[in-house]
Amino acid sequence: LEAAHQALTSLVLEYLIHSGHVSTAAAFAASCGMQDSVEFVDACRKSEISKRQKVVKLVTAGQIDEAIEFLQRHFPQVLADSMSDVAVDLNRQKWIELIRLGKRAQVMQFGAGCFGTLMMHSESQQRRVKETFALLAHEDPHESVSAHMLHQSHRDELASQVNSAIMASAHSLPGRSNLEYVLCHLSVVLE
């Protein structure tokens with residue numbers, strides 16, 4: 001029973017650190033009497049976690065230009081391939097933010113310049129860009145079949161994708177925590 005408790009505690013702690021919840025992770029480790037983990041969390045606090053949190057906050061706030069600039073400065077490897085899914089999705093979100101603000105002229109100029117060559121790159125990227133184009137089909141993008149892209153949840157998903165890309169490129173860590181993998185496997189088993 002103690003081994004199972006220890007394993008579960010470690011899964012939760014790893015999830016909190018992976019997700020950037022450093023203060024919560026430190027409090028959790030302290031409440032569980034995991035002094036070595038408290039010291040580890042403190043070391044994490046001083047490292048890149050605050051930078052990951054910053055870029056995640058920028059993305060969730062819709063400040064995409066600032067997020068891209070921050071990534072280029074602190075995690076350039078994430079955007080090294082301008083055609084990577086993360087790079088393309090950040091540019092898509094920048095475009096969505098322009099649409100959200102009703103900046104029609106900038107929307108058309110940015111879309112043509114950024115996505116003109118992309119249509120030939122990959123099928124999944126092509127599908128996502130076409131979905132974004134659908135926002136322009138209506139005078140009010142909130143009436144579009146792609147209106148969900150204007151919701152906060154879309155920014156949140158992108159922020160998670162950026163965080164995972166940083167974890168994978170900067171530390172060769174998986175994009176998901178072990179707890180997330182366990183939950184995914186559990187949901188498949190329960191279906």
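1. **Overall make-up.** The protein chain has ten helices and zero strands. Please keep in mind throughout that this is a predicted model. Read from one end of the sequence to the other, the pattern is α-α-α-α-α-α-α-α-α-α.

2. **Burial, surface and contacts.** The protein chain has 191 residues, and 38% of them count as buried. Its exposed area comes to about 10800 Å², with carbon and sulfur atoms supplying 57% of that area. As for contacts between residues at least 6 apart in sequence, 57% join residues at least 24 apart.

3. **Helix 1 against helix 10.** A good place to begin in the viewer is the pairing of helix 1 (residues 2-18) with helix 10. Their axes are 7 Å apart, and the packing angle is about 115°. Helix 1 and helix 10 are therefore roughly perpendicular to each other, since the range for that label is 65 to 115 degrees. On the helix 1 side, the residues that meet helix 10 are Leu11, Val12, Glu14, Tyr15 and His18. Their counterparts in helix 10 are Asn178, Leu179, Glu180 and Val182.

4. **A closer look at Glu14.** Within that pairing, Glu14 sits in helix 1 and is partly exposed, with a relative accessible area of 25%. Leaving aside residues up to four places away in sequence, Glu14 touches Ser177, Asn178 and Leu179. Glu14 and Asn178 are 164 residues apart in sequence, yet their C-alpha atoms are 7.5 Å apart in space.

5. **The other end of helix 10.** Helix 10 covers residues 178-190, and Leu190 is found in it. Leu190 is exposed, at a relative accessible area of 67%. Together with Leu183 and Leu186, Leu190 forms a nonpolar patch on the surface. The accessible area of these three leucines together is about 320 Å².

6. **Helix 5 against helix 6.** Here the axes of helix 5 (residues 64-74) and helix 6 (residues 85-100) come within 9 Å and cross at roughly 155°. That angle is over 145 degrees, so helix 5 and helix 6 are roughly antiparallel to each other. From helix 5, Ile64, Asp65, Ile68 and Leu71 take part in the contact. They meet Leu90, Asn91, Gln93, Lys94 and Glu97 in helix 6.

7. **Glu97, a residue with two roles to check.** Glu97 is one of the helix 6 residues that meet helix 5, and it also forms a salt bridge with Arg100. The closest N and O atoms of that pair are 3.0 Å apart. Both residues lie in helix 6, three residues apart, which is about one turn of the helix. Their surroundings differ in accessibility: Glu97 is buried at 8% relative accessible area, whereas Arg100 counts as partly exposed at 27%.

8. **Arg128 and its partners.** The whole structure holds seven salt bridges, and I would spend some time on those of Arg128. Where does Arg128 lie? Its place is in helix 8 (residues 123-133). At 14% relative accessibility, under the 20% cut-off, Arg128 counts as buried. Apart from residues up to four places away in sequence, Arg128 touches Asp85, Asp89 and Arg92.

9. **Two aspartates, one arginine.** Asp85 forms a salt bridge with Arg128, and the closest N and O atoms are 3.4 Å apart. Asp85 lies in helix 6 and Arg128 in helix 8, so this pair ties together parts that are 43 residues apart in sequence. Asp89 also forms a salt bridge with Arg128, with 3.0 Å between the closest N and O atoms. Asp89 is in helix 6 too, so its pairing with Arg128 in helix 8 ties together parts that are 39 residues apart in sequence. On accessibility, Asp85 is partly exposed at 37%, while Asp89 counts as buried at 8%.

10. **The network as a whole.** Which residues are linked in a network of salt bridges? They are Asp85, Asp89, Arg92 and Arg128. When you open the model, it may help to display these four side chains together, with Arg128 of helix 8 beside Asp85 and Asp89, which it touches.

Note on methods
Residues numbered from 1 in each chain as written. Predicted model: local features only at pLDDT ≥ 70, side-chain atom pairs only at ≥ 80, totals over all residues. Heavy atoms only, no water. Patch = residues over 30% accessible without salt bridge, like charges linked within 9 Å, V, L, I, M, F, W, Y side chains within 5 Å. Areas by Shrake-Rupley, 256 points an atom, 1.4 Å probe, with all protein chains shown as cover. Salt bridge = Lys/Arg side-chain N within 4 Å of Asp/Glu carboxyl O. Buried < 20%, exposed > 50% of the residue type's maximum accessible area, 1.4 Å probe, protein only. Contact = heavy atoms within 4.5 Å. Axes fitted to C-alpha atoms, helices over the stretch in contact; angles between N-to-C directions. Parallel < 35°, antiparallel > 145°, perpendicular 65-115°, else oblique.
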